[in-house]
Amino acid sequence: MNARTSSWIPRSRIRFAVGITLALAVAGVIGSFWWRGTLLLLVPALAAGWAAFLMLRIRYQLSPGGGDWERRIHELVASRLGFATSSRDSVLDIGCGDASLLVALLEGSPTISVTGVDLWGANWSYAQAACEARLSRLGLNAAFHRMDAAQLKFPSGSFDVVVSVMCFHEVRAPTNAIIPGPLAALREALRVLRPGGVFVLIDRFGSTADYDDGAELESILQTTNDLRREPLVPTLGVPWPLRIMRGLGAAEMLSGRKSVLAGHGKALEALVLNDLPPVVPVPDGNFDSVK
Ligand SMILES: C[S@@+](CC[C@H](N)C(=O)[O-])C[C@H]1O[C@@H](n2cnc3c(N)ncnc32)[C@H](O)[C@@H]1O
């Protein structure tokens, strides 16, 4: 049975927000018997209650009963890859969680070879053993490794396809790194992809909190071809409150291919691919007219 075991919004986070709401509300009301000023605690209690409500609602929308948005997003990735993958491709999913995306990909193309990496930290309800058990229950094969997305232990160019869904914004920068964790993860994703290989990556690429002003993101993406940037909310018609900025509001799907000559510059690639722009003839001895 291909049942999902967990959600992008872990129950523990909702329980924490509900606990804070109740603690503040009770302290505010009981304290007011001695001093009315404690009623002010009801303000942060309301804010925490609102956060708990949003998380509960979003968790529901992500689940099969509430619109199944997690599955729809995985299907979007699978459909974008559908035309690009061959039956023998090696596919890496970075931050694979409970392996739902890998299962969806394997069900569409059973002969691809898939690898999932994740930290499976305590703040998530995902686990490597649960991924392995799930795949073996379904009679599918995959390799799973505990690995930091910012420091993948695979040699460069190891995979034909790299995918990742809503992981990079979680990634912390390695010690002494000069770029933020999400950008380090993106760089690693493209490093382990073979030249010409296909990537489909979903994250909050539109968020300045995660990707600064976007300049470094643009610079890393210079090493790709056929790039498509699609904001998730209009592409899929994501409903409120899943579409708020703390939800999928800043999420984009980046897809394309790693440049064949990544690291050697676009001009060299254009030269090799015979794709240079037409040469503008220079009038004899009149270089001033050339702008
Ligand atoms: C929102 S969940 C998404 C899970 C999965 N991609 C999916 O679509 O269902 C984010 C995942 O990123 C993983 N993650 C967070 N930081 C990570 C890191 N530094 N390296 C690898 N995985 C990480 C978490 O453990 C979690 O499984």
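Two strands pair if DSSP finds at least two bridges between them. The structure described here is a predicted model, and strand 2 and strand 3 show such pairing. Strand 2 covers residues 113-118 and strand 3 covers residues 143-146. The two run parallel and are joined by four bridges. Within this pair, Val-117 faces His-145 of strand 3. Between the two strands the chain passes through helix 5, residues 128-137. This β-α-β crossover is right-handed.

The chain as a whole contains 11 helices and seven strands. Its length is 291 residues, and 32% of them are buried. Contacts between residues at least 6 apart in sequence were also examined. Of these, 67% link residues at least 24 apart.

Confidence varies along the chain. The average pLDDT is 89, and 87% of the residues score at least 70. Among the elements, strand 3 has the highest mean pLDDT, at 98. Helix 11, residues 266-272, has the lowest, at 54. Two segments stay under 50 throughout: residues 275-283 and residues 285-291. For residues 275-283 the model has six contacts beyond four places in sequence. For residues 285-291 it has three. Where pLDDT is low, the predicted coordinates should not be read in detail.

Strand 5 pairs with two other strands, in parallel with strand 4 and antiparallel with strand 7. Strand 5 spans residues 193-203. Eight of its 11 residues are buried, so the strand is largely enclosed by the rest of the structure. Its pairing with strand 4, residues 159-165, is parallel and rests on six bridges. Here Val-162 has Phe-199 of strand 5 as its bridge partner. The chain travels from strand 4 to strand 5 by way of helix 6, residues 181-191. This β-α-β crossover is right-handed. Six bridges also link strand 5 to strand 7, residues 252-258, in the antiparallel sense. In that pair, Ile-202 is matched with Met-253 of strand 7.

Met-253 itself belongs to strand 7. A residue is buried if 20 or more other C-beta atoms lie within 10 Å of its own. Met-253 has 21 such neighbours inside 10 Å and therefore counts as buried. Its C-alpha atom and that of Ile-202 are separated by 4.4 Å, although the two residues are 51 apart along the chain. Beyond its neighbours within four places in sequence, Met-253 is in contact with Leu-76, Val-200, Ile-202, Glu-230, Leu-232 and Thr-235.

Helix 6, the connector between strand 4 and strand 5, is mostly covered. Eight of its 11 residues are buried. These are Pro-182, Leu-183, Ala-184, Ala-185, Leu-186, Glu-188, Ala-189 and Leu-190. Their cover includes strand 1 (90-94), strand 4, strand 5 and strand 7. It also includes helix 7 (208-211) and helix 8 (215-221).

Helix 4, residues 100-108, has buried residues as well. They are Ser-100, Leu-101, Leu-102, Val-103, Leu-105 and Leu-106. These residues pack against helix 3 (69-82) and against strand 1, strand 2 and strand 4.

A ligand is surrounded by 21 residues. Nearest to the ligand are Gly-95, Gly-97, Ala-149, Val-165 and Glu-170. By class, the shell comprises 13 nonpolar, four polar and four charged residues.

Several local backbone features were found in loops. A cis peptide bond links Trp-240 to Pro-241, with omega about 0°. Pro-241 sits in the loop between helix 9 (232-236) and helix 10 (245-249). Asp-68 is not a glycine, yet its phi is positive, at about 60°. It lies in the loop between helix 2 (42-62) and helix 3. Asp-68 has 15 C-beta neighbours inside 10 Å, so it counts as partly exposed. Met-166, also not a glycine, has a positive phi of about 55°. The loop between strand 4 and helix 6 holds Met-166. With 18 other C-beta atoms within 10 Å, Met-166 is partly exposed.

Technical notes. Residues numbered from 1 in each chain as written. Predicted model: local features only at pLDDT ≥ 70, side-chain atom pairs only at ≥ 80, totals over all residues. Right-handed = clockwise from strand over helix to strand, strands pointing away. Buried ≥ 20, exposed ≤ 12 C-beta atoms within 10 Å, placed from the backbone. Near = placed C-beta within 6 Å. Nonpolar A, V, L, I, M, F, W, Y, C, P; charged D, E, K, R; others polar. Contact = placed C-beta atoms within 7 Å. pLDDT = per-residue confidence, 0-100.
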